[in-house]
Amino acid sequence: MDINFVIEKFVLITILFAISLLIAMYSTYAERKVAAFLQDRLGPDRAGPFGILQPLADGVKMFMKEEIIPANANKWLFMVGPGLAMLCACIGTAVIPWGQDMVIGDRVIPLQVTDINVGLLYIFGVISLGVYGVMIGGWASNNKYSLLSAIRAASQNISYEIAMGLSIIALLLVSNSLSLKEIVEQQHGFNWNFWYQPLGFLIFMVCAFAETNRAPFDLPECEAELNGGYHMEYSSMKLGFYLFAEYINMFVSSTVMAALYFGGYNYPGMDYIAAQWGPTWAPLFGTFIFFMKIFAFIFFFMWVRWTIPRFRYDQLMNLGWKTLIPLAIANIIVTGIVIALTNNF
Amino acid sequence: MESLSNKKKVLEQKPLNLAERMYLPAIARGLGTTISHFFKKSATIRYPEQQREFSLNWRGMHSLKRDEQGRERCTACGLCALSCPAEAITMIAAERKNDEKHLYREEKYASVYEINMLRCIFCGLCEEACPKEAIYLDGPIVPADYLRKDFIYGKDKLVEGPLDK
């Protein structure tokens, strides 16, 4: 391990962290703009041109707010909650392959922090850890609404993780690997997994909506019933962390969906671009394409939020247990049969 | 019970068919509806820069009018204050001096004329009561302010500008 390796990784991690935060920041802005446009409004447009400085203003506002810890709250857990939510949201990006290996001079730089061979499981672990931030925050607030919301979040996430895991198994049957790098490499050009696993993608996407607590599955934070839910007692930047973590989760989910099913940095005609632009710039263009896909998914998240009303709790459980899980199992069986047939005949 | 008008229609709720139970077609239609609004013109009026046109019978801030020679029309008769249901108007009358004939039309004028904009309900009764056509509610929206005392508008804000300007 030479010093260049350390520098390389350090730079990559720093950039990734900055990008995650920047995207989360501007997701809040984009959310309000998308909401406004879908409702024939303009959205924030006062801070800077087109309101582009709105997230900064919001951030400053968050920092300036008074910090309140309820008297009967468990102080230590109360502070751990948002920290954990933020931590789990941020470490998810470590195993995502952001582009093909970049060649600068005679050095090959992988655009991935680490290519662990169980990358997919790592992502799942991190995503399911995320609910602990919500749980701990809701529990430590010593408030019945927060607690109710935390319980809802936990049961919802556990229910949908099963369907999500099952939909991934079908994908693993197709790709034969748990390493995200390999899964993405297999989707070279236009050979995306979506064409093989449309149903799996649909199930995965629905579950991703539920995992990130986004509408129509935003029961843990419904304003009407729970006064905002698990972050009800939070103020100042602790609240900001929760909101931020949610947007980073959305970014990570979009990234995972784009990487697993929509080819990540692969795009039709990539070999031609690689031949034209050389091995230094072509991977960066791939990364750009990847981010376009991610932004499209983030837009889709927002689009759905302003279209579909929230599920009722029993409908949510019905959908998760009685529809998505059987569908995912059927998907595995059909995929397995098709693969067995194509391999043997 | 039997319907007398015979207009009542009993709606039959059929069980959902497969496409409806899958939700997806309905969701796709809903997404189509919302995205069509994405490209529509927004109804927003950017208020301070852009102002909505007022209707013809709009009643806004009061203005005290001048006559053709630029003299104040108000003669401080007090009918406006009397007619005001919110008791927003007060005034102090004064006698016109000889050298003030170019300033005031009548022999008596209002040396102080105050309207409390927090009390005013913009009903327009002062306008109707005025025998001299001296007060009209033809101004803009009364702006917001921080202190109660700043909502008491005196002649400096109410009297319209000299005619030659």
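A good place to start is the largest nonpolar core, which has 82 residues; among them, A:Ala85, A:Phe204, A:Cys207, A:Ile248, A:Phe251 and A:Met257 touch the most other members. Helix H9 of chain A, residues 236-261, supplies the largest share of this core, with 16 residues. Please keep in mind that the model is predicted. The points below take you through the cores, a sheet in chain B and the place where the two chains meet.

**The cores**
- A:Ile248, one of the core residues that touch the most other members, is in contact with A:Ser20, A:Ala24, A:Ala89 and A:Cys90, leaving aside its neighbours within four places in sequence.
- There is also a second, separate core of 17 residues, and its members include B:Cys74, B:Ala88, B:Tyr104 and B:Ile115.

**The sheet in chain B**
- Three strands of chain B form an open sheet in the order E2-E3-E5, and their pairing is antiparallel.
- Strand E2 (89-95) and strand E5 (152-153) of chain B are the edge strands, each pairing on one side only.
- Seven bridges join E2(B) to strand E3 of chain B, residues 108-116, in the antiparallel sense.
- In general, strands of a sheet pair through backbone hydrogen bonds, either parallel or antiparallel.
- B:Ile115 in E3(B) has B:Ile89 standing opposite, and B:Ile115 also belongs to the second core.

**Where the chains meet**
- Chain B brings 11 residues into contact with 10 residues of chain A.
- On the chain B side of this contact, five residues are nonpolar, five are polar and one is charged.

Conventions
Residues numbered from 1 in each chain as written. Chains lettered and ligands numbered in written order. Predicted model: local features only at pLDDT ≥ 70, side-chain atom pairs only at ≥ 80, totals over all residues. Contact = placed C-beta atoms within 7 Å. Nonpolar A, V, L, I, M, F, W, Y, C, P; charged D, E, K, R; others polar. Pairing = 2+ DSSP bridges. Helix = DSSP H or I, 4+ residues; strand = E, 2+ residues; numbered from the N terminus. Core = buried A, V, L, I, M, F, W, Y, C linked by C-beta atoms within 7 Å. Buried ≥ 20, exposed ≤ 12 C-beta atoms within 10 Å, placed from the backbone.
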